[in-house]
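Got the viewer open? Here is a walk through the model, one selection at a time.

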Amino acid sequence: MRRILFLHGPNLNLLGEREPEIYGHLTLQQVNEKIAAFAAKCKIEPLFFQSNHEGQIIDFIHTHRREAVGMVINAGAFTHYSYALRDALESVQLPVAEVHLSDIHRRETFRQISVIRDVCLAQISGLGAESYCRGLEVVLGFLGRKELQQAINETANADEAYRACVKILKRDFPKYNWVGIYLVEGNELVVHNYIGAPTPHTRIPIGQGICGAAVAEEETIIVADVNADPRYLACSLETKSEIVVPIQGRRIYGEIDIDSHTPNAFHEHDQNMLENMAKDLAEFLDAAE
Ligand code: DQA
């Protein structure tokens with residue numbers, strides 16, 4: 001199983017009793033249990049570490065740099081001034097997500113500065129323990145994109161590239177309950193391959209439904225609550241939210257369509273990752289045409 005490091009910096013050992021109005025009521029162990037449950041669904045083995053000492057955190061990163069595929073770090077106050085930690089993160093070449101329990105941008109000005117931000121893929125703050133799960137998704141998105149790029153490099157076949165994309169996304173994101181690719185054929189979108197419950201919508205006219213709208217408007221559409229969107233073509237009562245990302249190079253080849261049983265499941269980092277993957281597919285398809 002792929003291993004990801006979860007690091008907690010100084011004073012986070014006191015979670016539960018430390019300013020609960022800011023950091024919440026969960027203890028560090030309870031936070032780690034939540035992360036472990038989520039990581040298990042993503043088929044990730046988490047390795048946890050907390051220290052109040054800068055050098056120990058850096059040593060831990062060095063020791064585990066080769067066995068891990070990524071890292072999620074809440075560096076605590078080290079975030080705001082530790083250049084040594086920043087250098088360590090930069091040295092080891094692992095994809096890293098910076099996370100915080102509290103919203104550091106709505107607190108004292110010194111907390112709004114992060115010296116590690118630009119060596120991390122993203123900064124996620126203010127969501128309590130959920131920040132770590134989103135951080136894991138950011139790291140998985142980076143790794144998934146690399147895997148897709150490798151699959152694209154190893155094949156000359158567009159079908160294989162589409163299948164690799166669907167497979168990677170369905171495997172790594174438990175909240176993605178239905179993942180599929182639709183391809184443009186004339187005035188219609190035709191389902192190419194998907195993983196999830198069978199869909200009655202194998203052909204969708206461009207302009208119809210959320211799928212058809214994304215191609216007609218040439219942009220990503222995120223629908224936080226499908227039942228509140230009149231465009232939604234119902235195919236499953238369980239679907240609560242949806243994201244559709246056009247695969248657009250010199251022309252629109254198709255789209256990546258994802259449904260979730262969780263309301264409001266799709267966030268900025270989902271959109272970034274999916275748009276990057278769609279771009280990789282489109283570049284490959286442009287070159288093949
Ligand atoms: C923190 C925010 C930091 O400013 C603070 O020093 C912490 C915790 C957070 O999780 O909100 O120790 O990283």
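**Start at the ligand**

Select the ligand and Leu101: a polar backbone atom of Leu101 sits 2.7 Å from one of the ligand's oxygen atoms. That is a polar contact, meaning a pair of N or O atoms within 3.5 Å; within protein, one must be able to donate a hydrogen and the other to accept it, and residues adjacent in sequence count only if both atoms are side-chain atoms. How much of the ligand's accessible area does the protein cover? It covers 99% of the 320 Å² that the ligand has on its own; the areas come from the Shrake-Rupley method with a 1.4 Å probe, and for residues only the protein chains shown count as cover.

Before going further, keep in mind that this is a predicted model: local features need pLDDT of at least 70, side-chain atom pairs count only at pLDDT 80 or more, and totals for chains, interfaces and linings use all residues. Residues are numbered from 1 along each chain as its sequence is written, and side-chain values use heavy atoms, with hydrogens and water left out.

Now add His100, where a polar side-chain atom is 2.8 Å from an oxygen atom of the ligand. Ser102 does likewise, with a polar side-chain atom 2.6 Å from a ligand oxygen. To see the surroundings, show Pro10, Arg18, Tyr23, Asn74, Gly76, Ala77, His80, His100, Leu101, Ser102, Ile104 and Arg111. Each of these has a heavy atom within 4 Å of the ligand.

**Next: Glu98**

Select Glu98 in strand S4, residues 96–100. Helices (H or I, at least four residues) and strands (E, at least two) are DSSP runs, numbered from the N terminus. Which side chain of opposite charge is nearest to Glu98? Arg117, at 5.1 Å; Glu98 is buried yet has no salt bridge. A salt bridge here needs a side-chain nitrogen of Lys or Arg within 4 Å of a carboxyl oxygen of Asp or Glu. As for charge, Lys and Arg count as positive and Asp and Glu as negative, while His and the chain ends are not counted. Buried means under 20% relative accessible area, exposed over 50%, and partly exposed in between (1.4 Å probe, protein chains only).

What Glu98 does have is a side-chain polar contact with the side chain of Gln123, at 2.9 Å. Leaving out residues up to four places away in sequence, Glu98 touches several others (heavy atoms within 4.5 Å). Among them are Ile73, Thr79, Ile104, Ser114 and Cys120.

**Over to Ser51**

Jump to Ser51, in the loop between strand S2 (44–50) and helix H3 (54–64). Ser51 is buried, with a relative accessible area of 2%. Its side chain reaches the backbone nitrogen of His53 at 2.9 Å. Beyond four places in sequence, Ser51 is in contact with His8, Gly9, Pro10, Gln56 and Ile57. Pro10 should look familiar, as one of the residues around the ligand.

**Two loops with positive phi**

Most residues other than glycine have a negative phi. Select Glu19, which is not a glycine but has a positive phi of about 30°. Glu19 is in the loop between strand S1 (2–8) and helix H1 (20–23), partly exposed at 35% relative accessible area. Then pick Lys43, also not a glycine, with a positive phi of about 60°. Lys43 lies in the loop between helix H2 (28–41) and S2 and is partly exposed at 49%.

**Salt bridges to finish**

The model has 17 salt bridges. Try Lys175 and Asp270, whose side chains meet at 3.1 Å, N to O. This pair links distant parts of the chain, 95 residues apart: Lys175 in the loop between helix H6 (158–172) and S6, Asp270 in helix H8 (residues 268–288). Are the partners buried or exposed? Lys175 is buried at 14%, and Asp270 is buried at 0%.

Next, show Asp172 and Arg171, with closest N and O atoms 2.8 Å apart in a salt bridge. Asp172 is buried at 1%, whereas Arg171 is partly exposed at 28%. Add Arg2 and Glu147 to see the network of salt bridges that links them with Arg171 and Asp172.

Last stop: Gly186, in the loop between strand S6 (178–185) and strand S7 (188–195). Gly186 is exposed, at 63% relative accessibility.
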